[in-house]
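Work through the following exercises with the sequence and the structure at hand, and try each task before reading its solution.

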Amino acid sequence: MVEVTVTPQSSLADRPVQIQVRGLSPSQLVTLRAWLKDEQGECFQSRAFFRADRAGEVDPGLHAALGGSYSGVWPMGLFWFLQPDTLFRRLVKRDVAGSPFRVRLEVFDGLCLGTDPREQPLGSCEAERWYVSPGVQRVPIREGRVRGALFLPP
């Protein structure tokens, strides 16, 4: 059984996480895909192709991506290279304190270039990426022409 894990599963957006895939065949070629929907429902995704090691594992922090959205060793590459399905859209988090981005990570057998809904992933998991720590208070600022937000720690 193929298992995809993200450690920690819930973290701040600027903190690194470790992604691991276990249960593959040695030297198996796989596609690791990350995707999320923003607050407007726009889909952003990235993918990278990997060859499993002798133990049947893939770790983007140790193993080089062979292609896809990026190539080489980029531990956070699947998060950093998220691209919109619609051109000229930007990934922006408006409600920074109320909810996280939920990033879905999936692993597919072989090279998976499309998003065919009939293709079933070998394994998947979800990571939460928060923009504000628990307990932080957001205070809107409106003074004359100045607009902004003050974030106060707990």
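**Exercise 1. Find which residue of β5 stands opposite leucine 36, and then describe how the strands concerned are paired.**

Solution. Leucine 36 has phenylalanine 44 in β5 as its opposite residue; the model in which this pairing is seen is a predicted one. Moving from the residue pair to the strands, β4 (residues 29-37) and β5 (residues 43-51) run antiparallel and are joined by 9 bridges. The two strands form a hairpin with 5 residues between them, and in the turn glycine 41 has a positive phi of about 90°. Strand β4 also pairs with β8 (residues 101-109), again in an antiparallel manner, through 6 bridges, and here leucine 32 stands opposite valine 107.

**Exercise 2. Determine which side chain of opposite charge is nearest to arginine 47, and decide whether arginine 47 is buried or exposed.**

Solution. Begin by locating arginine 47, which belongs to strand β5. Arginine 47 is buried, and the nearest side chain of opposite charge is that of aspartate 85, 6.8 Å away. Because a salt bridge requires the nitrogen and the carboxyl oxygen to lie within 4 Å, the next step is to compare this cut-off with the distance of 6.8 Å, and arginine 47 indeed has no salt bridge. Finally, look for polar partners: the side chain of arginine 47 makes a polar contact of 3.0 Å with the side chain of glutamine 45, while a polar atom of the arginine 47 side chain lies 2.8 Å from the backbone oxygen of cysteine 112.

**Exercise 3. Establish which parts of the chain are linked by the salt bridge between glutamate 42 and arginine 89, and classify the accessibility of glutamate 42 and of arginine 89.**

Solution. The closest N and O atoms of glutamate 42 and arginine 89 are 3.5 Å apart, and the two residues form a salt bridge. This pair links distant parts of the chain, since glutamate 42 lies in the loop between β4 and β5 and arginine 89 in the loop between β7 and β8, 47 residues apart. Glutamate 42 is buried because its relative accessible area is 12%, whereas arginine 89, at 37%, counts as partly exposed. The model holds 6 salt bridges in total.

**Exercise 4. Identify which residues form the nonpolar patch on the surface, and name the strand that supplies its largest share.**

Solution. The patch consists of Ile141, Val146, Leu150 and Leu152, which together have about 290 Å² of accessible area. Its largest share, 3 residues, comes from strand β11 (residues 146-152). Isoleucine 141, by contrast, lies in strand β10 (residues 137-143), and because its relative accessibility is 31%, isoleucine 141 counts as partly exposed.

Conventions
Residues numbered from 1 in each chain as written. Predicted model: local features only at pLDDT ≥ 70, side-chain atom pairs only at ≥ 80, totals over all residues. Heavy atoms only, no water. Patch = residues over 30% accessible without salt bridge, like charges linked within 9 Å, V, L, I, M, F, W, Y side chains within 5 Å. Areas by Shrake-Rupley, 256 points an atom, 1.4 Å probe, with all protein chains shown as cover. Helix = DSSP H or I, 4+ residues; strand = E, 2+ residues; numbered from the N terminus. Buried < 20%, exposed > 50% of the residue type's maximum accessible area, 1.4 Å probe, protein only. Pairing = 2+ DSSP bridges. Lys, Arg positive; Asp, Glu negative; His and termini not counted. Polar contact = N/O pair within 3.5 Å; in protein donor to acceptor, adjacent residues only side chain to side chain.
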